[in-house]
Amino acid sequence: MVDYHAANNQSSAAGVYMEQENDWDRDLLLDPAWEKQQRKTFTAWCNSHLRKAGTQIENIEEDFRDGLKLMLLLEVISGERLPKPERGKMRVHKINNVNKALDFIASKGVKLVSIGAEEIVDGNAKMTLGMIWTIILRFAIQDISVEETSAKEGLLLWCQRKTAPYKNVNVQNFHISWKDGLAFNALIHRHRPDLIDYDSLRKDDPVTNLNNAFEVAEKHLDIPKMLDAEDIVGTLRPDEKAIMTYVSCFYHAFSGAQKAETAANRICKVLAVNQENELMMEDYEKLASELLEWIRRTIPWLENRTQEKTVNDMQAKQEDFRDYRCVHKPPKVQEKCQLEISFNTLQTKLRLSNRPAFMPSEGRMVSDINGAWHTLEGAEKGYEEWILSEIRRLERLEHLAEKFHQKAAIHESWTDGKEAMLTQKDYETSTLSEVKALLRKHEAFESDLAAHQDRVEQIAAIAQELNELDYYDSATVNARCQKICDQWDVLGALTQSRKESLERTEKQLESIDELYLEYAKRAAPFNNWMEGAMEDLQDMFIVHNIEEIQGLITAHEQFKSTLPEANKEREAIQAIQAEVQKIAQSNGIKLSGANPYTTITPESIDSKWEKAMAMVPLRDTALQDELNKQNNNDTLRAKFATQANAVGAYIQAKMEEIGRISIEMNGTLEDQLTNLKEYQKTIMSYMPEINKLEGSHQLIQEALIFDNQYTSYTMEHLRVGWEQLLTTIARTINEVENQILTRDAKGISQEQLYEYRASFNHFDKTLQGGERRAKRDHSGALMAEEFKACLISLGYDVENDKQGDTEFARIMGIVDPNGSGAVTFQAFIDFMSRETTDTDTADQVIASFKILAADKNYITAEELRRELPPDQAEYCIARMAPYTGPDGVPGALDYMSFSTALYGESDL
């Protein structure tokens with residue numbers, strides 16, 4: 001029921017109206033139909049209040065005769081204490097009690113006309129009903145006010161406005177306008193559409209309409225049934241006072257709707273801001289998760305060290321990596337930048353709406369993303385270095401493999417037929433001279449065999465190195481090497497066996513041709529030297545700089561300087577053969593043919609010498625070509641260095657310019673934003689130079705150039721610098737946009753922002769000591785002492801005393817919550833705007849919820865769904881904690897903790 005206690009605070013200015021209403025036509029009460037309606041209505045109205053005191057009345061003229069329940073009724077509806085009643089049963093006691101009640105009514109500015117205590121005590125129905133009507137007027141109707149109209153006119157105007165949209169309803173009075181019951185149903189439907197199906201009502205069925213309205217009001221609105229449908233329909237003109245009394249209960253039941261609507265609007269506004277912020281948080285979480293997932297998937301690829309078999313395969317990997325750098329990574333760089341911008345914008349909106357700062361879920365902080373990005377870039381650097389080192393390794397492997405097979409082929413060619421030669425038994429049927437010759441020949445072969453020992457060891461060493469470098473075809477190399485080694489062991493054993501046989505035969509054979517032997521001994525090492533020289537002249541080489549090729553050229557020149565001595569040795573060997581011919585001719589000896597001690601003929605020596613001499617100029621040409629190639633590589637280095645030094649200087653200059661622009665005041669914030677965006681376009685126009693540099697870097701890599709002494713810049717450093725430059729200008733633009741957002745949201749004028757910026761810049765220019773006076777450090781932050789000086793210049797009392805230090809510590813706690821010792825311009829602006837503007841508070845939201853909850857300390861889901869839009873009602877229901885107070889009911893929700901959580905004062 002409605003609380004009328006507030007009526008006691010009204011002045012007696014309404015007495016004029018009450019006087020008019022008291023001048024009612026009492027003769028009309030003699031109409032039995034009207035008197036019946038008034039009895040029922042007034043009795044129900046009185047009981048709706050008396051039940052609060054645990055009592056009620058049955059007969060309105062009889063139960064008020066002793067004045068006790070009359071005084072109790074006045075105490076309930078006024079909320080005040082009346083004088084103590086007299087408990088005697090004599091007439092005088094009853095009259096005194098009734099007079100106390102009438103005196104209390106008169107004290108409220110009500111003029112009682114022709115109503116005395118004796119008439120009430122005597123049970124005069126006419127006077128008793130008149131007295132109750134006076135009480136109803138004073139405590140239920142008098143305070144109704146709608147657009148400067150009050151009481152009856154105000155109540156009528158309220159009814160007309162609330163029922164205006166409904167068909168078949170035209171409220172012009174408090175009697176016949178209500179006979180069909182549609183007006184009662186329209187009032188209920190206007191405020192509680194969930195209770196009435198208005199479209200199903202028919203104007204030609206007034207009894208059903210009236211009973212429907214009375215039952216709904218009694219069941220759902222706590223308004224007792226004060227009228228009978230049959231009495232209203234059966235009366236030509238229903239009693240006006242009975243209708244007014246009943247309708248006033250509807251007014252009081254719905255009078256809080258406007259307050260609830262205002263409270264609901266405030267809550268909707270707050271919740272709309274919260275929902276928008278949560279949507280931005282969800283977008284940030286989604287974008288951060290996707291970027292981190294991309295980084296998580298990319299890093300294993302960059303950390304994959306699966307080795308390839310050939311240089312071409314590794315170069316294909318290098319091309320894939322270049323495609324990742326130029327195609328796949330740049331969009332992710334933009335996403336990372338956008339993520340930081342979104343995070344900063346969200347934090348600014350949260351500050352402006354007095355909400356707690358956004359804390360992303362674990363592992364999705366901007367610092368976490370930067371850390372993951374740093375790990376990604378580290379993996380990139382490691383992957384690129386690994387690719388280059390693998391290419392070098394595979395090149396060396398291919399070179400070693402080719403060298404192995406070349407030496408193996410030469411060795412196998414030399415060993416061909418050696419086993420057959422060592423196993424033949426020719427010495428058994430030979431003459432002494434022939435045996436001696438065979439022995440000398442064998443000694444020469446041993447010299448030749450020893451000379452080939454180095455080549456066999458080289459072949460084994462190359463095979464070992466190929467195994468250690470994990471050559472993919474090591475099995476083939478090992479098999480061939482093992483075959484050579486096994487064959488070498490066999491040759492050694494056969495050589496030893498043949499030697500023993502020849503020495504055994506030598507005792508029987510004594511003659512030997514010393515000259516042939518000398519020839520063989522000198523020819524064999526010379527022949528090996530020529531073969532080694534020819535191997536060296538055909539040997540492949542791989543170099544990476546001018547110094548290395550010049551070293552090879554120097555070694556080649558040294559080799560050529562030994563050729564005259566070698567030629568003398570060749571001529572000396574040929575002279576031995578000539579001496580043999582001379583002795584034979586002079587002594588008439590018929591030579592049997594070839595030198596019995598060696599297969600190396602003078603012709604073969606001359607032939608190999610001519611071949612070696614022909615290889616020398618070819619080697620000169622190959623070395624000169626490689627020198628030209630290294631000179632060309634040096635040109636590529638110089639070209640890249642020139643471009644890299646220019647790009648590096650450009651990036652450095654632009655970074656310094658952005659730092660200077662970000663803390664200067666030139667024009668309005670919109671002008672600054674426009675200029676920064678134009679400046680951003682200027683920087684983006686430099687992109688062709690970056691692409692040109694990438695082209696030069698690609699040429700460097702294709703030429704397998706791994707160092708550059710002409711510049712300290714690497715492509716990786718310049719890529720990172722370029723990305724930092726793009727990120728810095730984007731962050732600066734975002735900072736200006738946030739300042740505009742702060743200015744517009746907080747109502748800060750452009751002049752105030754200029755004043756704040758001027759003060760901030762002034763104290764940012766002057767640093768401690770004389771070390772950097774009037775010099776900007778481009779950080780845009782004030783140290784503690786500089787910030788204190790700035791506050792003093794703005795009129796804050798933070799001087800160096802106990803009170804000033806306390807106030808300064810409080811302010812620092814606001815602008816520098818992390819205790820870094822520095823105050824950014826954004827934090828400074830937030831503080832100044834907070835000092836000069838108002839924002840919604842948790843207390844305001846709690847007060848709004850309290851109105852919706854009808855002054856209860858809790859609210860129900862049904863009340864939220866009735867007063868708020870559906871989506872915001874469900875938002876509250878899902879997040880409000882259950883109410884645990886002693887006055888709670890099942891399903892009660894705690895709107896106080898929910899409101900404080902919206903502003904970060906508790907956990908939501």
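Asp-222 lies in the loop between α10 and α11 (229-233); helices (H or I, at least four residues) and strands (E, at least two) are DSSP runs numbered from the N terminus. Asp-222 has a positive phi of about 60° although it is not a glycine. Most residues other than glycine have a negative phi. At 35% relative accessibility, Asp-222 counts as partly exposed, where buried means under 20% relative accessible area, exposed over 50% and partly exposed in between (1.4 Å probe, protein chains only).

The model is predicted: local features need pLDDT of at least 70, side-chain atom pairs count only at pLDDT 80 or more, and totals for chains, interfaces and linings use all residues. Residues are numbered from 1 along each chain as its sequence is written, and side-chain values use heavy atoms, with hydrogens and water left out.

Asn-168, found in the loop between α8 (151-163) and α9, also is not a glycine and has a positive phi, of about 65°. Its relative accessible area of 47% makes Asn-168 partly exposed.

**Overall content**

The protein has 33 helices and 6 strands. Of its 908 residues, 46% count as buried. Contact means heavy atoms within 4.5 Å. Among contacts between residues at least 6 apart in sequence, 75% join residues at least 24 apart.

**Aromatic rings**

The structure holds 31 aromatic pairs. Rings of Phe, Tyr and Trp (its six-membered ring) pair if their centres lie within 6.5 Å; planes under 30 degrees apart count as stacked, over 60 as edge-to-face and the rest as tilted. Two of the pairs are listed here.

| Pair | Type | Centre to centre | Angle between planes |
|---|---|---|---|
| Phe-174 and Trp-178 | stacked | 6.3 Å | 5° |
| Phe-184 and Phe-214 | edge-to-face | 5.6 Å | 70° |

The pair of Phe-184 and Phe-214 links distant parts of the chain: Phe-184 is in helix α9 (residues 182-191) and Phe-214 in helix α10 (residues 206-220), 30 residues apart. Phe-184 is buried, at 0% relative accessibility, and Phe-214 is buried with a relative accessible area of 0%. Phe-174 and Trp-178 are both buried. These four residues form one aromatic cluster together with Tyr-246, Phe-250 and Phe-254.

Two lysines have their charged ends over rings, meaning that NZ of Lys (or CZ of Arg) is within 6 Å of the ring centre and within 35 degrees of the ring normal. Lys-418 sits over Trp-414, 4.8 Å from the ring centre. Lys-788 sits over Phe-808, 5.0 Å from the ring centre.

**Helices and a buried methionine**

Lys-788 is one of the buried residues of helix α27 (residues 784-793), along with Glu-786, Phe-787, Cys-790 and Leu-791. Just after α27, Gly-795 takes a positive phi of about 100°.

Met-832 is in helix α29 (residues 825-836) and counts as buried at 5% relative accessibility. Leaving aside residues up to four places away in sequence, Met-832 touches Tyr-756, Leu-794 and Tyr-796. Met-832 and Ile-748 are 84 residues apart in sequence and 9.4 Å apart in space, C-alpha to C-alpha.

Helix α20 (residues 546-561) packs on helix α22 (residues 602-661) at an angle of about 160°, with their axes 9 Å apart. Axes are lines fitted to C-alpha atoms, for helices over the stretch in contact, and angles run from 0 to 180 degrees between N-to-C directions. That makes α20 roughly antiparallel to α22, a term for angles over 145 degrees. Residues that meet there include Ile-546, Ile-549 and Leu-552 in α20, and Val-616, Leu-623 and Leu-627 in α22.

How values were computed
Angles under 35 degrees count as roughly parallel, over 145 as roughly antiparallel, 65 to 115 as roughly perpendicular and the rest as oblique.
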